[in-house]
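Okay, thanks everyone, let's get started. I'll put the structure up and then walk you through the empty space and the packing.

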Amino acid sequence: MAHVRRFDHVGITVADLDVVTAFFVALGLEVEGRAFVEGEFLETVCGIPDSRTEIVMLRSPDGGARLELARFVRPDAVPGSPAAMANELGLRNVSFEVDDVRAVVDWAAGEGYGLVGGIGEYEGAWRMAYVRGPEGIVVSLAERIG
């Protein structure tokens, strides 16, 4: 028996909600909503007493996958490793299919975000690159070429 009905979203905790939101909106995601969450529900789910977060829910243009960005108002955020590489345990990347990897990489560079490695091709079917975005979030860009 399958337990999962559908993929809903990926959540990322960030320090600067406005900067990270602006990055993903410029990339092409759409803001679905923004709200503060606190109280018994949040404390129960995340296991942090007296917590309060501000969240922004973003969706892809096709209405499929969603991305939740959360900033803890309390308690203070605990720093992660913004220079994490692909072999570090945990969330590895957020991936998007794009029309033109080179154009997105160039745009990101103009915004101050660089490649983790280079632009590669996989079996003549995909062109891919990892860009390290705001707060070290790795964004995988994939262009269908075959």
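Let me start with a question: which residues line the largest cavity? Going along the chain, they are Ala84, Met85, Ala86, Arg92, Val116, Tyr130, Arg132 and Val138.

Before I go on, a word on what you're looking at. This is a predicted model, with local features needing pLDDT of at least 70 and side-chain atom pairs counted only at pLDDT 80 or more, while totals for chains, interfaces and linings use all residues. Residues are numbered from 1 along each chain as its sequence is written, and side-chain values use heavy atoms, with hydrogens and water left out.

So, back to that cavity. By cavity I mean a set of points, on a 1 Å grid over the protein atoms alone, where a 1.4 Å probe fits but cannot get out; a pocket is an open set with protein on both sides within 12 Å along at least five of seven lines, and lining residues have an atom within 4 Å of a point. Points are joined across faces, edges and corners, and volume is the space filled by probe spheres set on them. Searching the whole structure turns up one cavity of 30 Å³ or more, and the largest has about 30 Å³ of space. Its lining splits into six nonpolar, no polar and two charged residues. For those classes, Ala, Val, Leu, Ile, Met, Phe, Trp, Tyr, Cys and Pro are nonpolar, Asp, Glu, Lys and Arg are charged, and the others, Gly among them, are polar.

Now the overall layout. We have domain 1 (9-74) and domain 2 (94-144), with bounds from an automatic or database domain assignment. Their C-alpha centres sit 22 Å apart, and the contact (heavy atoms within 4.5 Å) takes 12 residues from domain 1 and 10 from domain 2. There are three helices and eight strands, running β-α-β-α-β-β-β-α-β-β-β from the N terminus. Those are DSSP runs numbered from the N terminus, helices being H or I with at least four residues and strands E with at least two.

On to the pockets. The largest holds about 610 Å³. Of its 24 lining residues, Thr13, Gly80, Ser81, Pro82 and Glu135 lie nearest the centre. That lining is 14 nonpolar, six polar and four charged, and each of the two domains supplies at least three residues.

The second largest pocket comes in at about 400 Å³. It has 20 lining residues, and closest to its centre are Leu29, Ser60, Ser95, Phe96 and Glu97. β4 (66-74) and β5 (94-97) are the elements giving two or more residues to that lining, with β5 giving the largest share, four. Here too, each domain contributes at least three residues.

Last topic, the packing. Which residues touch the most other members of the largest nonpolar core? Out of 24, they're Phe24, Leu67, Leu69 and Leu141. A core here is a set of buried Ala, Val, Leu, Ile, Met, Phe, Trp, Tyr and Cys residues joined through side-chain atoms within 4.5 Å, and buried means under 20% relative accessible area, with a 1.4 Å probe and protein chains only. This core also draws at least three residues from each domain. Take Leu67: beyond its neighbours within four places in sequence, its contacts include Phe24, Leu29, Val56 and Val94.

Okay, that's my tour.

Methods: Buried means under 20% relative accessible area, exposed over 50%, partly exposed in between (1.4 Å probe, protein chains only).
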